[in-house]
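This report looks at how a chain packs its nonpolar residues and how its strands are paired. Please keep the sequence and the structure in view while reading.

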Amino acid sequence: MAEDTHPTYEVLALRFGTHADRPARDNFLLDEGQFVRGSDMPMDFYLWVVRDDRHFLLVDTGFPEEMAVRRGRTLFRDPVDALADLGVAARDIEDVVITHMHYDHAGNLDRFPHARIHLQEEELRFCTGPAMRHHAVRKPFEPVNVQTAVQGLFEDQLVLHRGEAEILPGVTVHPVPGHTPGTQVVRVPTARGWVVLASDATHLWANIRLRSPFPILDHLTPMLEGYDTIEALADGDDHIIPGHDPQVARRFPRLAGADDWVRLHEGALDGLETAAAASGATR
């Protein structure tokens, strides 16, 4: 459970889009046999909010409609406009954590003019460096997002971290390289214990449980070792929140008056084993 010396926070997730017709085999680097062959496994898109009566932290910023159309994704809602459900406007947000710079996590940055943008220094180095010469590496990145981040550096808006850092009292970011060199996760003290917003350090619960990574990755061994880090930071399997699992929106209670948001700081509506079985994942 969260230590008494830390405040506890609400943690909310917004499912704002989906990639519905995705073959299950595209979600795993390794061949998972019958689990993968001939089946579909949709991948949803989320952003997250950490808040209490004094603080408001946005984790990732989604992507706009134009990008959804161009990349063949379905956008349910504009993720920035959806913040109005919580009584917040983008211009009023003071802190945003970007877990990594892929298109689906770092879009819309220009819509947060007054926010400190928290990013791992290694991530900025990666997405502005020679690795971007390679199409397969740069494909998940959008130049406009990288350009906006660099502009924020010149305007004292971008806050670069070298490793673990505290963003709000008790809320910390932790580098978990593998998916990209600068991927970071967010650890939050809640009333039910330490919750880890894992983002793409594990796209699905099945990735971490099977130790079978998502196939878009920079280095395999750090990705696998990152699973151990995430598990050590969280207070249990259902305290690990994957970045793209449709089960997240189904398993947690909805926020009263804002049904598109779910409350991750409260217990899941069913057990993790049920969710794993529903997706075919077993260890």
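Leaving aside neighbours within four places in sequence, which residues is Trp-261 in contact with? In this predicted model, the contacts of Trp-261 outside that stretch are Leu-12, Ala-13, Leu-14, Leu-47, Val-49, Ala-82, Leu-83, Asp-85, Leu-86, Pro-253, Arg-254 and Leu-255.

Trp-261 also belongs to the largest nonpolar core, which has 42 residues and in which Met-101, Phe-112 and Trp-261 touch the most other members. Among the elements that give two or more residues to this core are β1 (10-19), β2 (43-51) and β14 (258-263), and the largest share, four residues, comes from β2. A second, separate core holds 25 residues, including Val-11, Ala-13, Val-59 and Val-97. In soluble globular proteins, nonpolar side chains tend to be buried together.

Strand β1 deserves a separate look, since eight of its 10 residues are buried. The table lists its pairings, with one pair of opposite residues for each.

| Strands | Sense | Bridges | Opposite residues |
|---|---|---|---|
| β1 and β2 | antiparallel | nine | Arg-15 and Tyr-46 |
| β1 and β14 | antiparallel | three | Leu-12 and Arg-263 |
| β1 and β4 | antiparallel | two | Thr-18 and Thr-74 |

On the surface, Leu-29, Leu-30 and Leu-220 form a nonpolar patch, and together they have about 240 Å² of accessible area. Leu-220 lies in helix α6, which covers residues 220-233, and Leu-220 counts as partly exposed because its relative accessibility is 39%, a value between the cut-offs of 20% and 50%.

How values were computed:
Residues numbered from 1 in each chain as written. Predicted model: local features only at pLDDT ≥ 70, side-chain atom pairs only at ≥ 80, totals over all residues. Heavy atoms only, no water. Core = buried A, V, L, I, M, F, W, Y, C linked by side-chain atoms within 4.5 Å. Buried < 20%, exposed > 50% of the residue type's maximum accessible area, 1.4 Å probe, protein only. Contact = heavy atoms within 4.5 Å. Patch = residues over 30% accessible without salt bridge, like charges linked within 9 Å, V, L, I, M, F, W, Y side chains within 5 Å. Areas by Shrake-Rupley, 256 points an atom, 1.4 Å probe, with all protein chains shown as cover. Salt bridge = Lys/Arg side-chain N within 4 Å of Asp/Glu carboxyl O. Pairing = 2+ DSSP bridges.
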